[in-house]
Amino acid sequence: MLDKINALEAEAKSEIKAAGDSKALDDLRIKYLGRKGLVTELLGGIASLPPEEKPRLGKELNALKTRLDEALRSRQAELSRSPVIPLVLPGDFADLTLPGFRPPAGSKHPLTKTIDDICSIFLGMGFKIVEGPEIETEFYNFEALNIALDHPSRDAFDTFYIKNQYLLRSHTSPVQVRFMETEKPPFKIIVPGRVYRPDAVDASHSFMFHQVEGLVVGDGVTFADLKGALSVFLKGYFGADVKVRFRPHYFPFTEPSAEVDVSCFICGGKGCSVCGRKGWLEILGCGMVHPNVFKAVKYNPEKVTGFAFGMGVERIAMLKYGINDMRLFFENDMRFLEQFK
Amino acid sequence: MKISYNWLREYINFSAKPQDLADKLTMAGLEIKGIERQNGDFIYEAEITSNRPDWLCLYGIAREMQALYGSRIKPVKAAPAGSAKPEKPSITIEDKKGCARYVGIMIDGVQPAPSSKSLAQKIESAGMRQVNNVVDITNFCMLESGQPLHAFDYDKLDGGKIIVRRARKGEEITTIDGVKRALDENILVIADVKKPVAIAGIMGGKDTEVGFSTRRVLLESAYFGPALIRRAAKKLGISSEASYRFERNVDIGGCLAAAERAASLICEAAKAKSVSKPSDTGAKGPGAVKITLRMPRANKLLGTDIPASKCASILKSLGLGVKSKGKDALTVSVPSFRRDLKEEVDLIEEVSRIYGYDNIPETLSRIQLWGKGSQKSRDRIIEETVREALTGAGLDEAITYSLRCRDLYVQQALSMTDSQVLKVRNPLSSESEALRPVLICGMLDVVAYNLNRKVPDVKIFEIGKSYFYKGGDVPSEKGVLALAMCGMKEKDWHRKEAVDIFDLKGIIEALFSKLGIAGYEFEVKPLPLFSPAASAIVKIDGKEAGVLGKVDKVYLDKYGIKGNVFVSELAIEAVYPHARLEHKFSGLPRYPSSSRDISLIVDEKVSNKDIAGTIKEVCGELAADVSPFDLYRGEQVPKGCKSILYSVEYRSPDRTLTDEEINSLDRKVREVLVQRFNAKIR
């Protein structure tokens, strides 16, 4: 019996060594270790042996099982390490209708892409990219931006609070204040970042989203300059053919304030489901920096003027890429991410 | 807010078609979001910004249209209330801060009835429900003037008195919607001598509601403090047409006129016998507000050249008082219905709005005046390089929520106490109640999400923040780069091999090489959340910069993930400062190199670091490169040992090494390895 075991092991091992692919290994596994395999067969033979030999041989056979299993595995590992079957046959024949091996290529997240595209237009106009913290204080998020504690406009900036005066910033505007506290005009900055508001998640809302804001401050900055800079941006980003319109609006931190629409680039301004049949798409909010904001950072509003603007990155990315559900950005389905290579 | 096009015509003459008027209003800042046809009328859905409470009524919108169309509004009819009988009501304001003005008028002998068709239609055009002509007229007047009014059944007021006061703890009221509500000191109420009869500015009480049997009506027209109403409405969870207006500030100067208008209409419609004199309690209105507008300032801010005369006519057309002050300035007096106008810049906005944003030029060439040269911070440039390197290595960038559920397992594994986790005080749900202390949870969410959708190969990275308390109560955040991999290495149809931890390690090495970071090492050490068999600390210049490992199965089970997931987190503040992005050419080697292979069998515990380190130590700068190139375990190698093959490249920077020199170094290396690690050289 012991001889039989040794012979089987030697044979099996040489066959395993010779196996050229995992199919052959699978076949060998069935041949030796399968339900009707050779090792199993030997185990079956134990029954007919004298009782004093049974335990020793049983042990021996189980050890063989483990050894063969190891041999199969290590050959499998070897096979997967060694180059597989060459695709180019002797005589240099290659079936070039088979797919090639593509080098790995990942993609930037569409929101990062959108932020980068937006920023690059402003970089071209000489803006500087500035970033700031996500955990903010009431002072930077509200007070310094002329948003009074009891003003209903605070509703619009509904906010997640943490502890004491700390909160999650509800817009990227606090970065403007932080920048102005330490820098002197003139300057042009652009501020991308994550922001938070307690909105339940659905196709068009999220409690976390991204904004890009801009601020230009200097001697004699005018509303006309604001219109010029934003028109250049919008035509640069959405195409030279879009029409741009500025509508009066209200923001506590700017005055005069405006909302800016571009003519719907999907229907060409005729009205479609994307623009709600209006022919216009609301893209950003902007205005001349309110004197109280300058006062909060100890600038003299009689000496300097400035304009500020802000836009939601998700909305712009959705329009640009034709994405109809905001949740897709944060689910990170590989099949979604891979479309932005 | 809903606005009826036909109703507007009762206050001002204009010929604009519905769509044209909508466009005009929109371009003046009163955004019309939609137009709906209804019974021969057009109903606008308007979005009114919080600074313009005067637009929360038809008359206010008509007033704005004066500036847009140049025509004049018609005055509304209101006979001053005023017979000696009945006696005017008794009003006491206990909380003068909460209620600055309260006008009460008594109307005797009313016979409430269903409203006329035209009144009912108006009420419904605003999306309100008709009740009876007394109540409907109070609503009509609110829609017309913006002043919310309330009618009490006077005979149901205990003691026949009105007291404006804060509610007392434990008091209750059943409001007209039939809901019983608990009140407290933060809520302003209208009370009779015994009990609250209305929640001030928000909703009236059921008991004193005007019904068809009501005979005596007490009409209320008051000014309540916006903040107080806003907080109370929020607390009670009620948003009514009245509270909406009070929260945004009503015109304190308009209380009396609105009351008189309503009283005269009720008289007429509900056939009342007599109307009292008004009981007008509290302030009569704000003091006169005068603002100076400097024309050069206005034009300098707008980039325009609007003459003072044009400016004056715009402001007059908005109903403001305007006088010249010298050549270049105007003195503007602001009526009480435009209390949003407080300072010069507010007037500049009014001028620009009516002048038309479209008529303001667009300038661009001047942008270069304010700071030159675009700039990216060093960190941003590095971040872009990181993205390039990682996407180039086949990883997709993910963005996961920084707010998530509290992961108790992570807290425990990282031995964080509950108070070290940043929690949101007003979370939407427990799914987003805490800020992530590590990014790994989000990474595993993404893996699990994809596996559940039969997408088995996930290779991602995220650049984001983690959050923690820095010394006591000060919340803090830090930048983190997280990487995760699972599934197959490549997506080739022919080559199939599972990702392992060396793939992830290789990506980090390649990233460091791209960033010009050289002094890094991986210190093998069991770490929380990782399988003890495969986890390491990433160190740069001896300082901890992050971790790398195979995620522990116990933790993967919590995400329902089967198979291996490899994750790394690097602290940006510990990596970026070491980056050297400038390339510098250092010359090509001038002398040839020669290499020798060493094959040795050593105990498993002897690491590559031990062996390579020893070789470098022995050869000094003459070992230009030491690298393993094969590893073998199995037959011919004793259990617990490994056979490992090294290639050592010898080179001197200043001469050609002779064979003897190299051979002697090679021998020395072998000797030391045998001695130090009990190695068997093959």
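Biologist: What area do chain B and chain A bury between them, and how much of it is on carbon and sulfur atoms?

Modeller: In this predicted model, the two chains bury about 8,700 Å² between them, with 54% of that area on carbon and sulfur atoms. On the side of chain B, the residues that lose the most area to chain A are B:Trp370, B:Ile399 and B:Tyr401, which together account for 9% of what that side buries.

Biologist: How many residues of each chain are in contact?

Modeller: Contact requires heavy atoms within 4.5 Å, and on that basis 96 residues of chain B are in contact with 104 residues of chain A.

Biologist: Why is chain B called more spread out than a compact globule?

Modeller: Chain B contains 19 helices and 31 strands. For its 682 residues the globule rule gives 26 Å, whereas the radius of gyration is 40 Å, well over that value, and chain B is therefore more spread out than a compact globule. Along the principal axes, its C-alpha atoms fill a box of roughly 130 × 65 × 50 Å.

Biologist: What radius of gyration does chain A have, set against a compact globule of 341 residues?

Modeller: A compact globule of that length would have a radius of gyration near 20 Å, but the value for chain A is 34 Å. The box filled by its C-alpha atoms, taken along the principal axes, is roughly 110 × 60 × 40 Å, and the chain is built with 13 helices and 11 strands.

Biologist: What share of the residues in each chain is buried?

Modeller: Buried residues make up 54% of the 341 residues in chain A and 52% of the 682 residues in chain B. As for contacts between residues at least 6 apart in the sequence of chain B, 68% of them join residues at least 24 apart.

Biologist: Why is B:Gly146 called buried?

Modeller: The term buried is kept for residues under 20% relative accessible area, and B:Gly146, with a relative accessible area of 11%, is therefore classed as buried. Its place is in the loop between helix H5 (133-145) and strand E6 (149-153) of chain B. Leaving aside residues up to four places away in sequence, B:Gly146 touches B:Leu56, B:Cys57, B:Cys141, B:Arg245 and B:Val250.

Biologist: How far apart are B:Gly146 and B:Asp54, in sequence and in space?

Modeller: They are separated by 92 residues in sequence and by 6.9 Å in space, C-alpha to C-alpha.

Biologist: Why does B:Ser476 count as buried?

Modeller: Its relative accessibility is 12%, and with the limit for buried set at under 20%, B:Ser476 therefore counts as buried. The residue is found in strand E23 (residues 474-486) of chain B. Not counting residues up to four places away in sequence, B:Ser476 touches A:Ile135 from chain A as well as B:Leu422, B:Ser466, B:Tyr467, B:Phe468 and B:Lys470.

Biologist: What makes A:Lys298 an exposed residue, and why is B:Asn249 called partly exposed?

Modeller: Exposed means over 50% relative accessible area, and A:Lys298 has 76%, so the residue is exposed. B:Asn249 has 24%, which falls between the limits of 20% and 50%, and B:Asn249 is therefore called partly exposed.

Biologist: What sign does phi take in A:Lys298 and in B:Asn249?

Modeller: The sign is positive in A:Lys298, where phi is near 65° in a residue other than glycine. It is positive again in B:Asn249, at about 90°, although this residue is not a glycine. A:Lys298 lies in the loop between helix H10 (291-296) and strand E11 (305-312) of chain A, and B:Asn249 is in the loop between helix H7 (241-247) and helix H8 (255-269) of chain B.

Biologist: Which residues are joined to A:Pro186 and to A:Pro256, and what kind of peptide bond joins them?

Modeller: A:Pro185 is joined to A:Pro186 by a cis peptide bond with omega of about 5°, and A:Glu255 is joined to A:Pro256 by a cis peptide bond with omega of about -5°. A:Pro186 lies in the loop between helix H8 (173-182) and strand E6 (187-196) of chain A, whereas A:Pro256 lies in strand E9 (residues 254-263) of chain A.

Methods
Residues numbered from 1 in each chain as written. Chains lettered and ligands numbered in written order. Predicted model: local features only at pLDDT ≥ 70, side-chain atom pairs only at ≥ 80, totals over all residues. Heavy atoms only, no water. Helix = DSSP H or I, 4+ residues; strand = E, 2+ residues; numbered from the N terminus. Rg over C-alpha atoms; globule rule 2.2 N^0.38 Å. Buried < 20%, exposed > 50% of the residue type's maximum accessible area, 1.4 Å probe, protein only. Buried area = accessible area lost by both parts, 1.4 Å probe.
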